[in-house]
Amino acid sequence: MKSEAAQNPSGDTKSLYGGTSTRRVTVHDIAAAKRRGEKWPMLTAYDAMTASVFDEAGIPVMLVGDSMGNVHLGYETTVPVTLDEMTMLSAAVVRGTKRALVVGDLPFGSYQEGPVQALRSATRLVKDAGVGAVKLEGGARSLPQTELLVQAGIPVMSHLGLTPQSVNTLGYRVQGRGDEAAHRLLHDAKSAQAAGAFAVVLELVPAEVAAEVTRSLDIPTIGIGAGPDTDAQVLVYTDMVGLTGGKVPRFTKQYANLRQTLGDAAKAFADEVVGGTFPQEEHTFH
Ligand code: KIV
């Protein structure tokens, strides 16, 4: 077990990562981290057990992303994810965590009709799943939704740049390249802040554009494929631990190889069952 000083090198009881506070992280803590110039990590999570591991590791913000569609539910994109699925898995992540702020994604089709639909969907995630905030995609087109949710007391994380729910129109391409697109992205980010968003995810945008957005906002930016100069970084956890099969995006980094580890464990178990060496006496009741 590491000493408290080793876990918390800054010695700051308030740091989002490595801080010693045990109560749940709030959007006020996130705002304070931006004022201190502190960088912080966010990971996705989709189940209680994995969420508890990340919570114990000190990850301060967990996103129940609609990436659950691709990585957890076996869909090809995030588009089919339903509010029922999001509510069930968000509730599991909330139950698995004690400290992290849990953010639930509003799935495609649960907020595009307008602010009232967005409020109904977000209320479900807050009341039935217990999330502390919701995330929604889109700049100008989602501002009325953001405004109403914030007025109703629901913290909103905005998601700009590549917005995977729009895969059928945008594809999976870097966004914000060129002066006009960069200007639009900056304008969208400022508008999201003005509408009351507490943070902005920037996905797959040029590093220089993300850096400028980060300098221009009072709320934190959370980058994924957006270079090193955002306030926070997020990764889809299955990419980060090497569980995702096939090709992973260039912007992710693999910190473990769980696909290999799980496969090896499954083979070792199967070999012992077939060879008659599992179970042994210590696994047996009489
Ligand atoms: O759904 C998700 O996991 C996300 C992150 C990639 C930011 O939106």
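## Ligand shell

By class, the residues surrounding the ligand comprise four nonpolar, four polar and four charged members. The model is predicted. The nonpolar residues of the shell are Leu63, Val201, Ile224 and Val236, and the polar ones are Thr44, Gly65, Ser67 and His159. Asp66, Asp105, Lys135 and Glu203 make up the charged group.

The space that the ligand takes is the largest pocket.

## Polar contacts and coverage

Three of the charged shell residues are considered here through their side chains. For Lys135, an N or O atom of the side chain is 2.9 Å from an oxygen atom of the ligand. The side chain of Asp66 has an N or O atom at 3.0 Å from a ligand oxygen, and in Asp105 the corresponding distance to an oxygen atom of the ligand is 3.3 Å. Each of these pairs counts as a polar contact because the cut-off is 3.5 Å between N or O atoms.

On its own, the ligand has 260 Å² of accessible area, of which the protein covers 96%.

## Backbone at Leu204

Most residues other than glycine have a negative phi, and most peptide bonds are trans. Leu204 departs from the first of these patterns: its phi is positive, near 55 degrees, although the residue is not glycine. Leu204 belongs to the loop that connects strand S6, residues 199-203, with helix H10, residues 207-216. Two members of the ligand shell, Val201 and Glu203, fall within the residue range of S6.

## Helix H12 and the segment after it

Helix H12 spans residues 258-275 and contains 18 residues. From its first C-alpha to its last, H12 reaches 25 Å, which is close to the 26 Å expected at 1.5 Å a residue.

Gly276 follows H12 and has a positive phi, near 75 degrees. The segment after H12 also holds Pro279. The peptide bond that leads from Phe278 to Pro279 is cis, with omega near 0 degrees.

Terms used
Residues are numbered from 1 along each chain as its sequence is written. This is a predicted model: local features need pLDDT of at least 70, side-chain atom pairs count only at pLDDT 80 or more; totals for chains, interfaces and linings use all residues. Side-chain values use heavy atoms; hydrogens and water are left out. A residue is near a molecule or strand if one of its heavy atoms lies within 4 Å of it. A polar contact is a pair of N or O atoms within 3.5 Å; within protein, one must be able to donate a hydrogen and the other to accept it, and residues adjacent in sequence count only if both atoms are side-chain atoms. Accessible areas come from the Shrake-Rupley method with a 1.4 Å probe; for residues, only the protein chains shown count as cover. On a 1 Å grid over the protein atoms alone, a cavity is a set of points where a 1.4 Å probe fits but cannot get out, and a pocket is an open set with protein on both sides within 12 Å along at least five of seven lines; lining residues have an atom within 4 Å of a point. A molecule sits in a cavity or pocket if more than half of its atoms lie within 2 Å of its grid points. Helices (H or I, at least four residues) and strands (E, at least two) are DSSP runs, numbered from the N terminus. The expected span of a helix is 1.5 Å times one less than its number of residues.
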